[in-house]
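Q: I am new to this model and would like a close look at its charged side chains and cysteines. Please start from a single residue and work outward.
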Amino acid sequence: MDYIKNDYELQQLARSIAEEAIEEVKQHGGDHYEFIDQAAASSEHAIYTYKAIMLCANCCTDDAEEMLDDNSYRFDSFAHHASILAEVTIQNAALQALYEIQAEAVA
């Protein structure tokens, strides 16, 4: 994937991560949240500065910004800010997708 161009593409990535987390826990045990944390942190959209900046520019990052502000998170540089914000945005979207998948399974 080039870079994330809109919230729909972010949701697709998030759902993919959530589905992988469910499958990983089903097969090997563990924790959904830990898998999602690792997947978000290692996502090319959080690692590569250009992709992180484009994700932040093209998607809603309000929840992630609020979370980072609430925790008084400080950044070393603009690139660091973009990467961390992209990571937390992906993580939040993947958690939301996980909750939606779990709710669908119960219904």
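How does Glu44 count, as buried, partly exposed or exposed, and what is its relative accessible area?

A: Glu44 is partly exposed, at a relative accessible area of 30%. On this scale, buried means under 20% relative accessible area, exposed over 50%, and partly exposed in between (1.4 Å probe, protein chains only). The model is predicted, so local features need pLDDT of at least 70 and side-chain atom pairs count only at pLDDT 80 or more, while totals for chains, interfaces and linings use all residues. Residues are numbered from 1 along each chain as its sequence is written, and side-chain values use heavy atoms, with hydrogens and water left out.

The partner of Glu44 is Lys51: their side chains meet in a salt bridge, with 2.2 Å from N to O. A salt bridge here is a side-chain nitrogen of Lys or Arg within 4 Å of a carboxyl oxygen of Asp or Glu. Lys51 has a relative accessible area of 15% and is therefore buried, whereas Glu44 is partly exposed.

Three salt bridges are found in the whole structure. Arg15 takes part in one with Glu19, where the closest N and O atoms are 3.3 Å apart. Both residues belong to helix H1 (residues 7–28) and stand four residues apart, about one turn of the helix. Helices are DSSP runs (H or I, at least four residues), numbered from the N terminus. Arg15 also forms a salt bridge with Glu104, and there the closest N and O atoms are 3.4 Å apart. This second pair joins distant parts of the chain, since Arg15 is in helix H1 and Glu104 is in helix H6 (residues 78–106), 89 residues apart. Arg15, Glu19 and Glu104 are thus linked in a network of salt bridges. The members of this network are partly exposed: Arg15 has a relative accessible area of 28%, Glu19 is at 41%, and Glu104 is at 48%.

The cysteines come next. A search of the whole structure finds zero disulfides. Cys56 is in no disulfide, and the nearest cysteine sulfur to it, that of Cys59, is 8.3 Å away. That spacing is too far for a bond between Cys59 and Cys56, because a disulfide is a pair of cysteine sulfur atoms within 2.5 Å. Cys56 is buried, at 19% relative accessibility, and Cys59 is buried too, at 8%.

Negative charge also gathers on the surface, in a patch made of Asp62, Asp63, Glu65, Glu66, Asp69 and Asp70. Such a patch joins like charges within 9 Å, from residues with over 30% relative accessible area and no salt bridge. Asp and Glu count as negative, and the place of a charge is taken as CG of Asp or CD of Glu. Asp69 lies in helix H5 (residues 62–70), and Asp70 has its place in helix H5. Asp69 is exposed at 58% relative accessibility, and Asp70 is exposed with a relative accessible area of 59%. The C-alpha atom of Asp70 is separated by 24 Å from that of Met54, with the two positions 16 residues apart along the chain.

Note on methods. Helix = DSSP H or I, 4+ residues; strand = E, 2+ residues; numbered from the N terminus. Patch = residues over 30% accessible without salt bridge, like charges linked within 9 Å, V, L, I, M, F, W, Y side chains within 5 Å. Areas by Shrake-Rupley, 256 points an atom, 1.4 Å probe, with all protein chains shown as cover.
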